[in-house]
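User: I am new to this structure. Please go through it with me in questions and answers.

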Amino acid sequence: MNEVPYWISTRGAGENPVPFLEALRQGLAPDGGLYVPDRLPDLPPLDRASDFASMAVAVLGAWFGPPTPAWSWAAAVREALSFPVPLVPLAGGAWDGIHVLELYHGPTHSFKDFGARTMARLAAAAGSGGPVAHVFVATSGDTGSAVADGFSGVPGYRVVLLFPEGRISPVQEAQLVVRRPGVVSFRVRGSFDDCQAMAKRVFADRRFDAWSPTSANSINAGRLLPQSLYYLHAARSLDEAPAFSVPSGNLGNLTAGLLAAACGMRHAGFVAAHNANDAFPRFLDGAPARFGASVETLSNAMDVGAPSNFERLDRMFGASRLREVVRGISVDDTATLDAMRSVYTETGVIVDPHTAVGLEAVRRLRQTGALRNAPVVVLSTAHPAKFPETVRSAIGIDPPSADGLETLRGRPTRCSTIDAGPDALLAALEGADFSA
Ligand SMILES: *Cc1c(COP(=O)(O)O)cnc(C)c1O
């Protein structure tokens with residue numbers, strides 16, 4: 001038996017297990033399934049005294065084994081997770097006793113920095129060896145900037161961003177078009193679905209082989225594991241086992257929390273807090289899994305109709321266990337704005353629309369008598385400064401600024417506008433400038 005977990009496909013019976021680094025490099029398993037661990041490690045005891053990065057190294061050691069000269073993963077993890085992760089208690093009104101876990105202090109100010117930065121640094125530490133790989137990312141919001149920032153300057157990797165013209169917020173666009181070494185961005189005349197179709201096509205269309213395409217989307221095992229770390233951090237910081245409310249879309253974040261729980265983290269249950277895209281809450285309420293097109297909301301990073309991590313959740317935990325441990329709540333835009341307003345007037349704290357969905361889900365469950373006997377941790381997934389228009393319409397004032405977002409507009413950019421489809425992408429890549 002291997003000492004550390006190996007990774008197997010959700011679509012197989014456990015055959016062909018691969019080591020973590022191979023799962024990270026491949027993204028999807030060859031049979032099209034998602035990688036899941038073939039066993040769960042015993043996590044070391046976690047004390048409160050160590051800093052976040054030291055805790056991360058202790059936990060990931062159980063997954064990876066000791067670092068080696070060829071793969072110095074511990075240094076990579078420390079470098080990736082070098083920003084603060086505050087757990088802030090709220091006081092006031094319906095929000096009393098809720099702890100907000102601020103996951104937005106990384107360089108691009110969403111929780112995506114945990115997964116994307118760590119994945120990039122781990123890939124760099126492992127060395128690619130082969131030809132320069134191109135990470136193709138279709139993005140409607142936070143993923144693109146986190147992946148671009150994480151991989152920029154990593155030897156052996158370049159990043160190609162595809163985002164839909166006119167469909168993302170001005171701050172998000174500014175974050176995507178800024179000039180970074182090794183990164184090009186394309187504003188696509190089309191929808192997010194068109195961008196996603198292009199990012200998928202590069203793997204099927206032989207004309208793209210020369211670019212050695214790869215992906216870094218939320219199903220990658222290299223993004224999943226680092227996202228379980230902040231759950232463990234919150235749990236070790238509180239005297240009693242907490243419940244977690246997770247603003248959810250593709251369900252990568254929730255999967256990471258359930259993985260931490262399966263490895264022995266004490267907890268008092270999970271809340272899957274969704275916007276109007278409510279297929280998963282319906283499933284948790286007992287409906288058959290039925291996924292479809294997404295609808296647009298104010299919490300746009302959660303506008304997902306068919307969550308890609310569902311297959312992994314279903315394989316790892318099964319429907320009945322999921323329904324036991326996770327409560328699903330759907331919050332519409334009106335209730336989201338109302339929660340932003342109420343949190344601000346009652347506690348003085350300004351939250352972004354995604355975090356507001358997580359908070360509102362807790363308020364609603366508490367009204368039914370649930371979540372009253374345990375501390376509750378709401379994951380705050382983005383900095384409010386990324387959504388100034390929504391914050392202004394909810395509470396009438398501007399959000400506080402975030403490091404780096406202010407100065408973004410003045411920085412050099414690198415972006416061209418292209419038609420949707422593989423031909424336009426191929427032509428644009430031919431002349432693309434990836435220099436520093
Ligand atoms: C990506 C994202 C989410 C949803 O996370 P999933 O892992 O896709 O469920 C929530 N909030 C913000 C701000 C995000 O960027």
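The turns below cover sheets, helices, one residue and the spaces inside.

Analyst: This is a predicted model, in which local features need pLDDT of at least 70 and side-chain atom pairs count only at pLDDT 80 or more, while totals for chains, interfaces and linings use all residues. Residues are numbered from 1 along each chain as its sequence is written, and side-chain values use heavy atoms, with hydrogens and water left out.

User: Which strands stand at the edges of the open sheet of five strands?

Analyst: Helices (H or I, at least four residues) and strands (E, at least two) are DSSP runs, numbered from the N terminus, and two strands pair if DSSP finds at least two bridges between them. In this open sheet the order is E8-E5-E6-E7-E13, and the pairing is parallel. Each edge strand has a single partner, so one side of each is left without a neighbour in the sheet; these are E8 (213–214) and E13 (415–419).

User: What is the bridge partner of Ser-185 in E13?

Analyst: Strand E7 (residues 183–189) and E13 run parallel and are joined by five bridges. In E13, Ser-185 has as its bridge partner Cys-415.

User: At about what angle to E13 does helix H16 run?

Analyst: Axes are lines fitted to C-alpha atoms, for helices over the stretch in contact (heavy atoms within 4.5 Å). Angles run from 0 to 180 degrees between N-to-C directions. Helix H7 (residues 192–204) lies across E5, E6, E7, E8 and E13, at about 150 degrees to E6. Helix H16 (residues 422–430) lies across E5, E6, E7 and E13, and its angle to E13 is about 150 degrees.

User: Is Ser-215 buried or exposed?

Analyst: Ser-215 sits in the loop between E8 and helix H8 (221–237). Leaving aside residues up to four places away in sequence, Ser-215 touches Met-119, Val-135, Phe-136, Phe-203 and Asn-220. Buried means under 20% relative accessible area, exposed over 50%, and partly exposed in between (1.4 Å probe, protein chains only). The relative accessibility of Ser-215 is 15%, so Ser-215 counts as buried.

User: Which are the edge strands of the open sheet of six strands?

Analyst: This sheet has mixed pairing and the order E3-E4-E12-E9-E10-E11. The strands that pair on one side only are E3 (87–89) and E11 (326–330).

User: What is the bridge partner of Ala-243 in E12?

Analyst: Strands E9 (residues 243–247) and E12 (residues 376–380) pair in the parallel sense over three bridges. Within E12, Ala-243 is partnered by Val-376.

User: About what angle does helix H9 make with E10?

Analyst: H8 lies across E3, E4, E9, E10 and E12, at about 145 degrees to E9. Helix H9 (residues 252–262) packs on the sheet and touches E9, E10, E11 and E12, and its direction makes with that of E10 an angle of about 175 degrees.

User: How much space lies in the largest cavity?

Analyst: On a 1 Å grid over the protein atoms alone, a cavity is a set of points where a 1.4 Å probe fits but cannot get out, and lining residues have an atom within 4 Å of a point. The structure holds one cavity of 30 Å³ or more. Its lining includes Ser-248, His-274, Phe-280 and Pro-307. A volume is the space filled by probe spheres set on the points, with grid points joined across faces, edges and corners, and for the largest cavity it is about 40 Å³.

User: Which helices give two or more residues to the lining of the second largest pocket?

Analyst: A pocket is an open set with protein on both sides within 12 Å along at least five of seven lines. The second largest pocket holds about 240 Å³ of space. Of its 15 lining residues, the closest to its centre are Val-171, Ala-385, Pro-388, Glu-406 and Arg-409. The elements that give two or more residues are helix H6 (170–177) and helix H15 (388–395).
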